[in-house]
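Welcome! Keep the structure in view, try each exercise yourself, and then read through the worked solution.

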Amino acid sequence: MGNPAHERHTFHILQRLLEAQDVSVIEDDRSNETFMRKSLCSAAFGNIMHKSDDIRIYRHNQVYSCTMGRMKPEAEAGQIALREERHQYILELLGSEGRVLAADLSSRYRVSEDTIRRDLRELASSGKIQRVHGGALPRRAEAVPFVSRQQIDTESKIGIARAAADMVRDGQVVLIDGGTTNLKIASYLSREYTATIVTNSPPLALALADHPKLSVLMLGGNFLKQAQVTIGIETVRRIESIRADLCFLGMCSLHPEVGITVADQEEAYVKQAMIGASAEVVGLISLGKMGTSLPYLVGPASRLTRLITDAADEEILNPYRSQGIEVTSA
(Lines give C-alpha, C1' and ligand atoms only; values in the text may rest on other atoms or scores of the structure.)
Protein backbone atom coordinates (compact mmCIF):
# COMPACT_ATOMS: atom_id res chain seq x y z
CA MET A 1 0.00 0.00 0.00
CA GLY A 2 1.24 3.53 -0.72
CA ASN A 3 1.56 6.34 1.77
CA PRO A 4 -1.97 7.87 2.19
CA ALA A 5 -0.61 11.34 2.90
CA HIS A 6 1.62 11.19 -0.17
CA GLU A 7 -1.31 10.04 -2.34
CA ARG A 8 -3.54 12.88 -1.06
CA HIS A 9 -0.76 15.37 -1.73
CA THR A 10 -0.31 14.05 -5.28
CA PHE A 11 -4.06 14.14 -5.91
CA HIS A 12 -4.33 17.80 -4.86
CA ILE A 13 -1.38 18.72 -7.10
CA LEU A 14 -3.04 17.00 -10.05
CA GLN A 15 -6.43 18.54 -9.36
CA ARG A 16 -5.10 22.10 -9.10
CA LEU A 17 -2.91 21.75 -12.18
CA LEU A 18 -5.72 20.34 -14.25
CA GLU A 19 -8.04 23.14 -13.21
CA ALA A 20 -5.35 25.64 -14.17
CA GLN A 21 -4.84 23.92 -17.53
CA ASP A 22 -1.14 23.76 -16.73
CA VAL A 23 -0.35 20.09 -17.43
CA SER A 24 0.67 18.63 -20.77
CA VAL A 25 1.22 14.99 -19.80
CA ILE A 26 0.82 12.97 -16.63
CA GLU A 27 2.75 9.70 -16.75
CA ASP A 28 1.70 7.05 -14.24
CA ASP A 29 4.03 4.09 -13.69
CA ARG A 30 1.68 2.26 -11.37
CA SER A 31 -0.25 -0.62 -12.91
CA ASN A 32 -3.39 -0.26 -10.79
CA GLU A 33 -4.00 3.50 -10.93
CA THR A 34 -5.71 5.74 -13.47
CA PHE A 35 -5.23 9.53 -13.48
CA MET A 36 -6.59 12.38 -15.54
CA ARG A 37 -4.51 13.77 -18.38
CA LYS A 38 -4.58 16.74 -20.77
CA SER A 39 -4.48 16.14 -24.53
CA LEU A 40 -3.16 19.31 -26.13
CA CYS A 41 -3.78 20.40 -29.71
CA SER A 42 -0.69 22.59 -29.54
CA ALA A 43 1.75 23.39 -26.78
CA ALA A 44 5.28 24.51 -26.10
CA PHE A 45 6.72 22.06 -23.60
CA GLY A 46 8.91 22.81 -20.65
CA ASN A 47 10.42 20.37 -18.18
CA ILE A 48 9.42 18.19 -15.25
CA MET A 49 7.75 20.23 -12.52
CA HIS A 50 6.80 17.41 -10.16
CA LYS A 51 8.25 13.94 -9.74
CA SER A 52 7.45 11.23 -7.25
CA ASP A 53 8.42 7.56 -7.21
CA ASP A 54 5.78 6.67 -9.77
CA ILE A 55 4.34 9.87 -11.27
CA ARG A 56 5.98 12.47 -13.50
CA ILE A 57 4.14 15.71 -14.39
CA TYR A 58 5.41 17.81 -17.32
CA ARG A 59 4.69 21.51 -17.38
CA HIS A 60 4.16 23.37 -20.65
CA ASN A 61 4.84 27.02 -21.38
CA GLN A 62 1.89 27.76 -23.72
CA VAL A 63 -1.48 26.16 -24.26
CA TYR A 64 -3.68 26.93 -27.26
CA SER A 65 -6.50 24.42 -26.72
CA CYS A 66 -7.00 21.27 -24.75
CA THR A 67 -9.44 18.49 -23.92
CA MET A 68 -9.79 16.25 -20.91
CA GLY A 69 -9.60 12.46 -21.14
CA ARG A 70 -8.82 9.39 -19.10
CA MET A 71 -5.51 7.61 -19.16
CA LYS A 72 -5.91 3.93 -19.88
CA PRO A 73 -2.64 2.17 -19.07
CA GLU A 74 -1.20 -0.44 -21.43
CA ALA A 75 -1.52 -3.96 -20.16
CA GLU A 76 1.53 -4.77 -18.06
CA ALA A 77 3.25 -8.15 -18.16
CA GLY A 78 2.06 -8.91 -14.65
CA GLN A 79 -1.53 -8.11 -15.62
CA ILE A 80 -1.66 -10.63 -18.45
CA ALA A 81 0.29 -13.51 -16.95
CA LEU A 82 -2.80 -15.73 -17.21
CA ARG A 83 -3.40 -17.33 -20.58
CA GLU A 84 -7.13 -16.48 -20.47
CA GLU A 85 -6.36 -12.80 -19.92
CA ARG A 86 -3.94 -12.71 -22.84
CA HIS A 87 -6.56 -14.35 -25.05
CA GLN A 88 -9.13 -11.74 -24.07
CA TYR A 89 -6.73 -8.87 -24.82
CA ILE A 90 -5.92 -10.38 -28.22
CA LEU A 91 -9.61 -10.76 -29.12
CA GLU A 92 -10.37 -7.18 -28.04
CA LEU A 93 -7.45 -5.82 -30.07
CA LEU A 94 -8.48 -7.87 -33.10
CA GLY A 95 -12.00 -6.50 -32.82
CA SER A 96 -10.81 -2.90 -32.73
CA GLU A 97 -8.01 -3.08 -35.31
CA GLY A 98 -9.08 -5.84 -37.69
CA ARG A 99 -5.79 -7.77 -37.50
CA VAL A 100 -2.95 -8.53 -35.09
CA LEU A 101 0.74 -9.30 -35.60
CA ALA A 102 2.62 -11.69 -33.33
CA ALA A 103 5.65 -9.41 -33.08
CA ASP A 104 3.50 -6.43 -32.05
CA LEU A 105 1.63 -8.50 -29.46
CA SER A 106 4.91 -9.76 -27.99
CA SER A 107 6.17 -6.19 -27.59
CA ARG A 108 2.84 -4.83 -26.34
CA TYR A 109 2.27 -7.51 -23.71
CA ARG A 110 5.93 -8.16 -22.86
CA VAL A 111 5.89 -11.89 -23.48
CA SER A 112 7.86 -14.00 -25.94
CA GLU A 113 6.73 -14.47 -29.53
CA ASP A 114 6.59 -18.22 -28.88
CA THR A 115 4.00 -17.56 -26.16
CA ILE A 116 1.98 -15.32 -28.51
CA ARG A 117 2.13 -17.89 -31.32
CA ARG A 118 0.87 -20.55 -28.92
CA ASP A 119 -1.97 -18.22 -27.87
CA LEU A 120 -2.91 -17.62 -31.50
CA ARG A 121 -2.88 -21.36 -32.28
CA GLU A 122 -5.18 -22.04 -29.32
CA LEU A 123 -7.59 -19.24 -30.31
CA ALA A 124 -7.62 -20.49 -33.90
CA SER A 125 -8.30 -24.09 -32.87
CA SER A 126 -11.30 -22.92 -30.85
CA GLY A 127 -12.67 -21.06 -33.88
CA LYS A 128 -12.30 -17.57 -32.38
CA ILE A 129 -9.74 -16.21 -34.87
CA GLN A 130 -8.27 -16.99 -38.29
CA ARG A 131 -4.56 -17.78 -38.01
CA VAL A 132 -2.34 -16.36 -40.76
CA HIS A 133 1.43 -16.13 -41.21
CA GLY A 134 2.82 -13.66 -38.69
CA GLY A 135 -0.46 -12.97 -36.89
CA ALA A 136 -4.23 -13.38 -37.09
CA LEU A 137 -7.40 -12.05 -38.70
CA PRO A 138 -11.01 -12.12 -37.48
CA ARG A 139 -12.54 -15.59 -37.52
CA ARG A 140 -13.53 -16.75 -40.96
CA ALA A 141 -17.20 -17.12 -41.73
CA GLU A 142 -18.25 -20.56 -42.90
CA ALA A 143 -19.46 -20.70 -46.50
CA VAL A 144 -22.68 -22.73 -46.22
CA PRO A 145 -24.82 -23.65 -49.26
CA PHE A 146 -28.14 -21.81 -49.66
CA VAL A 147 -30.31 -24.88 -48.97
CA SER A 148 -28.47 -25.63 -45.71
CA ARG A 149 -28.64 -21.99 -44.60
CA GLN A 150 -32.43 -22.04 -44.83
CA GLN A 151 -32.48 -24.25 -41.72
CA ILE A 152 -30.18 -22.04 -39.62
CA ASP A 153 -31.37 -19.27 -37.23
CA THR A 154 -34.88 -19.31 -38.68
CA GLU A 155 -36.46 -17.34 -35.83
CA SER A 156 -33.81 -14.62 -35.98
CA LYS A 157 -34.21 -14.35 -39.75
CA ILE A 158 -37.96 -13.89 -39.41
CA GLY A 159 -37.50 -10.96 -37.02
CA ILE A 160 -34.89 -9.34 -39.27
CA ALA A 161 -37.03 -9.87 -42.40
CA ARG A 162 -40.11 -8.33 -40.74
CA ALA A 163 -38.16 -5.22 -39.76
CA ALA A 164 -36.80 -4.93 -43.31
CA ALA A 165 -40.22 -5.33 -44.95
CA ASP A 166 -41.61 -2.55 -42.76
CA MET A 167 -39.14 -0.13 -44.39
CA VAL A 168 -40.58 -0.52 -47.91
CA ARG A 169 -42.89 2.31 -49.00
CA ASP A 170 -45.45 2.62 -51.76
CA GLY A 171 -43.97 3.39 -55.18
CA GLN A 172 -40.34 2.66 -54.31
CA VAL A 173 -37.75 0.87 -56.42
CA VAL A 174 -36.13 -1.68 -54.11
CA LEU A 175 -33.04 -3.77 -54.80
CA ILE A 176 -33.08 -7.04 -52.86
CA ASP A 177 -29.94 -9.14 -52.92
CA GLY A 178 -29.88 -12.91 -52.50
CA GLY A 179 -29.73 -14.75 -49.19
CA THR A 180 -31.99 -16.79 -46.96
CA THR A 181 -32.90 -13.83 -44.73
CA ASN A 182 -33.75 -11.68 -47.75
CA LEU A 183 -35.93 -14.48 -49.11
CA LYS A 184 -38.13 -14.24 -46.02
CA ILE A 185 -38.83 -10.55 -46.75
CA ALA A 186 -41.27 -11.73 -49.44
CA SER A 187 -43.64 -13.09 -46.78
CA TYR A 188 -43.93 -9.76 -44.95
CA LEU A 189 -44.15 -7.14 -47.70
CA SER A 190 -47.40 -5.19 -47.55
CA ARG A 191 -49.95 -6.45 -50.08
CA GLU A 192 -51.38 -2.92 -50.29
CA TYR A 193 -48.26 -1.28 -51.72
CA THR A 194 -47.15 -0.98 -55.30
CA ALA A 195 -43.40 -1.14 -55.69
CA THR A 196 -40.76 -2.49 -58.04
CA ILE A 197 -38.55 -5.20 -56.64
CA VAL A 198 -35.25 -5.70 -58.48
CA THR A 199 -33.40 -8.88 -57.53
CA ASN A 200 -30.69 -11.29 -58.58
CA SER A 201 -32.31 -14.04 -56.50
CA PRO A 202 -34.50 -16.48 -58.48
CA PRO A 203 -35.98 -17.95 -55.25
CA LEU A 204 -37.08 -14.45 -54.17
CA ALA A 205 -38.58 -13.65 -57.59
CA LEU A 206 -40.63 -16.86 -57.42
CA ALA A 207 -41.72 -16.11 -53.84
CA LEU A 208 -43.12 -12.75 -55.02
CA ALA A 209 -45.03 -14.26 -57.93
CA ASP A 210 -48.41 -14.17 -56.17
CA HIS A 211 -48.06 -10.63 -54.74
CA PRO A 212 -50.98 -8.62 -56.18
CA LYS A 213 -49.28 -5.22 -56.64
CA LEU A 214 -45.52 -5.65 -56.80
CA SER A 215 -43.58 -5.60 -60.07
CA VAL A 216 -40.57 -7.91 -60.14
CA LEU A 217 -37.47 -7.29 -62.28
CA MET A 218 -35.23 -10.35 -62.38
CA LEU A 219 -31.57 -9.61 -63.09
CA GLY A 220 -29.97 -11.97 -65.57
CA GLY A 221 -26.42 -13.30 -65.58
CA ASN A 222 -24.47 -16.39 -64.64
CA PHE A 223 -26.15 -18.52 -61.98
CA LEU A 224 -24.05 -19.10 -58.85
CA LYS A 225 -25.54 -22.38 -57.66
CA GLN A 226 -24.22 -22.42 -54.10
CA ALA A 227 -25.67 -18.96 -53.29
CA GLN A 228 -28.59 -19.19 -55.76
CA VAL A 229 -27.99 -15.72 -57.21
CA THR A 230 -27.05 -14.35 -60.61
CA ILE A 231 -23.61 -12.77 -61.01
CA GLY A 232 -21.29 -11.51 -63.72
CA ILE A 233 -20.85 -8.51 -65.97
CA GLU A 234 -24.41 -8.70 -67.33
CA THR A 235 -25.81 -8.50 -63.81
CA VAL A 236 -23.53 -5.62 -62.85
CA ARG A 237 -24.34 -3.57 -65.97
CA ARG A 238 -28.07 -3.96 -65.43
CA ILE A 239 -27.75 -2.80 -61.83
CA GLU A 240 -25.71 0.21 -62.93
CA SER A 241 -28.63 1.35 -65.11
CA ILE A 242 -30.96 1.50 -62.08
CA ARG A 243 -31.42 4.13 -59.37
CA ALA A 244 -33.01 2.41 -56.40
CA ASP A 245 -34.56 4.05 -53.34
CA LEU A 246 -33.57 1.21 -51.09
CA CYS A 247 -31.28 -1.83 -51.12
CA PHE A 248 -31.44 -4.86 -48.84
CA LEU A 249 -27.97 -6.36 -48.95
CA GLY A 250 -27.50 -10.03 -48.18
CA MET A 251 -24.51 -10.37 -45.84
CA CYS A 252 -22.31 -13.41 -45.39
CA SER A 253 -19.80 -11.65 -43.17
CA LEU A 254 -19.33 -8.27 -41.50
CA HIS A 255 -16.55 -6.79 -39.36
CA PRO A 256 -16.35 -3.14 -38.18
CA GLU A 257 -12.74 -2.79 -39.35
CA VAL A 258 -12.41 -5.35 -42.16
CA GLY A 259 -15.79 -4.44 -43.67
CA ILE A 260 -18.29 -6.38 -45.78
CA THR A 261 -16.81 -9.55 -47.28
CA VAL A 262 -18.05 -12.53 -49.32
CA ALA A 263 -16.75 -15.92 -50.50
CA ASP A 264 -16.99 -15.25 -54.26
CA GLN A 265 -15.28 -12.41 -56.13
CA GLU A 266 -18.03 -12.06 -58.75
CA GLU A 267 -20.63 -11.82 -56.02
CA ALA A 268 -18.58 -9.03 -54.44
CA TYR A 269 -18.80 -7.05 -57.70
CA VAL A 270 -22.60 -7.43 -57.78
CA LYS A 271 -22.94 -6.22 -54.19
CA GLN A 272 -20.67 -3.26 -54.91
CA ALA A 273 -22.89 -2.31 -57.85
CA MET A 274 -26.02 -2.58 -55.68
CA ILE A 275 -24.52 -0.28 -53.06
CA GLY A 276 -23.55 2.25 -55.71
CA ALA A 277 -27.04 2.21 -57.28
CA SER A 278 -29.01 2.78 -54.05
CA ALA A 279 -29.92 5.84 -51.99
CA GLU A 280 -30.16 3.78 -48.81
CA VAL A 281 -28.31 0.52 -48.14
CA VAL A 282 -29.57 -1.80 -45.39
CA GLY A 283 -27.48 -4.76 -44.30
CA LEU A 284 -29.34 -7.76 -42.90
CA ILE A 285 -27.19 -10.00 -40.74
CA SER A 286 -27.51 -12.44 -37.85
CA LEU A 287 -25.24 -12.36 -34.83
CA GLY A 288 -23.22 -15.42 -35.85
CA LYS A 289 -21.90 -13.68 -38.98
CA MET A 290 -20.81 -10.50 -37.23
CA GLY A 291 -17.14 -10.02 -36.44
CA THR A 292 -16.14 -12.45 -39.22
CA SER A 293 -14.36 -12.13 -42.57
CA LEU A 294 -14.25 -13.86 -45.97
CA PRO A 295 -11.72 -13.56 -48.81
CA TYR A 296 -13.35 -10.93 -51.05
CA LEU A 297 -14.02 -7.37 -49.95
CA VAL A 298 -17.27 -5.64 -50.92
CA GLY A 299 -16.47 -2.41 -49.08
CA PRO A 300 -16.13 -0.82 -45.64
CA ALA A 301 -18.95 -1.25 -43.15
CA SER A 302 -19.60 2.50 -43.44
CA ARG A 303 -21.13 1.95 -46.89
CA LEU A 304 -24.21 0.76 -45.01
CA THR A 305 -26.74 3.35 -43.91
CA ARG A 306 -28.57 0.92 -41.63
CA LEU A 307 -27.95 -2.48 -40.06
CA ILE A 308 -30.78 -4.82 -39.04
CA THR A 309 -29.63 -7.66 -36.81
CA ASP A 310 -30.67 -9.94 -33.99
CA ALA A 311 -27.57 -8.88 -32.04
CA ALA A 312 -28.34 -6.86 -28.91
CA ASP A 313 -24.93 -6.56 -27.20
CA GLU A 314 -23.92 -2.88 -27.24
CA GLU A 315 -20.23 -3.79 -27.34
CA ILE A 316 -20.87 -5.53 -30.67
CA LEU A 317 -23.14 -2.82 -32.10
CA ASN A 318 -21.37 0.38 -30.99
CA PRO A 319 -18.43 0.04 -33.44
CA TYR A 320 -20.98 0.23 -36.26
CA ARG A 321 -22.87 3.14 -34.73
CA SER A 322 -19.60 5.02 -34.41
CA GLN A 323 -19.27 4.82 -38.21
CA GLY A 324 -22.62 6.57 -38.69
CA ILE A 325 -24.65 3.40 -39.29
CA GLU A 326 -28.15 3.32 -37.83
CA VAL A 327 -28.62 0.01 -36.03
CA THR A 328 -31.95 -1.80 -35.54
CA SER A 329 -32.07 -4.82 -33.25
CA ALA A 330 -34.84 -7.10 -34.46
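**Exercise 1. A strand and its surroundings**

Find out how many residues of β15 are buried, and which residues lie on each of its faces.

Solution. Remember as you go that this is a predicted model.
- Step 1: Count the covered residues. In β15, 5 of its 5 residues are buried, so the strand is mostly covered.
- Step 2: Sort them by face. Val 281, Gly 283 and Ile 285 lie on one side, while Val 282 and Leu 284 lie on the other, and both faces are covered.
- Step 3: Look for the strands joined to β15. β12 runs parallel to β15, with 4 bridges joining them. Leu 284 in β15 is the bridge partner of Gly 250.
- Step 4: Turn to β17 (residues 306-309), which is also parallel to β15 and joined to it by 4 bridges. Here, Val 282 stands opposite Arg 306.

**Exercise 2. Checking a helix with a ruler**

Work out what length helix α6 should span, and compare that with the distance between its end C-alpha atoms.

Solution.
- Step 1: Helix α6 covers residues 154-165, which makes 12 residues.
- Step 2: At 1.5 Å a residue, counting one less than the number of residues, the expected span is 16 Å.
- Step 3: The end C-alpha atoms of α6 are 16 Å apart, which agrees.
- Step 4: Now list the buried residues of α6: Lys 157, Ile 160, Ala 161, Ala 164 and Ala 165. These cover an arc of only 130° around the axis, so they sit on the same side of α6.
- Step 5: Recall the rule behind such patterns. An α-helix has 3.6 residues a turn, so residues three or four places apart point the same way.

**Exercise 3. Two sides of another helix**

Decide which residues of α9 are buried and which are exposed.

Solution.
- Step 1: Thr 235, Val 236 and Ile 239 are the buried residues of α9. Viewed down the helix axis, they fall within an arc of 95°, so they line one face.
- Step 2: On the other side of α9, you will find Ile 233, Glu 234 and Arg 237 exposed.
- Step 3: Ask what covers the buried residues. The cover includes β7 (173-176), β11 and α10.

**Exercise 4. Into the core**

Find the residues with the most contacts inside the largest nonpolar core.

Solution.
- Step 1: This core has 35 residues, and those with the most contacts inside it are Leu 175, Leu 254, Leu 304 and Leu 307.
- Step 2: See where the core comes from. Elements giving two or more residues include β12 (246-250), β15 (281-285) and α11 (314-321). The largest share, 5 residues, comes from α10.
- Step 3: Another core, of 22 residues, lies apart from this one, and among its members are Ile 160, Val 174, Ile 197 and Val 282.
- Step 4: Zoom in on Leu 175. Beyond residues up to four places away in sequence, Leu 175 touches residues including Val 198, Ile 239, Cys 247 and Met 274.

**Exercise 5. Classifying by accessibility**

Use relative accessibility to say whether Cys 247 and Cys 252 are buried, partly exposed or exposed.

Solution.
- Step 1: Recall the cut-offs: buried is under 20%, exposed is over 50%, and partly exposed is in between.
- Step 2: Cys 247 is at 0%, so it counts as buried.
- Step 3: Cys 252 is at 26%, so it counts as partly exposed.
- Step 4: Check for disulfides: the structure holds 0.

How values were computed: Residues are numbered from 1 along each chain as its sequence is written. This is a predicted model: local features need pLDDT of at least 70, side-chain atom pairs count only at pLDDT 80 or more; totals for chains, interfaces and linings use all residues. Side-chain values use heavy atoms; hydrogens and water are left out. Buried means under 20% relative accessible area, exposed over 50%, partly exposed in between (1.4 Å probe, protein chains only). The arc is that of the directions from the helix axis to the C-beta atoms. A nonpolar core is a set of buried Ala, Val, Leu, Ile, Met, Phe, Trp, Tyr and Cys residues joined through side-chain atoms within 4.5 Å. Contact means heavy atoms within 4.5 Å. A disulfide is a pair of cysteine sulfur atoms within 2.5 Å. Two strands pair if DSSP finds at least two bridges between them.
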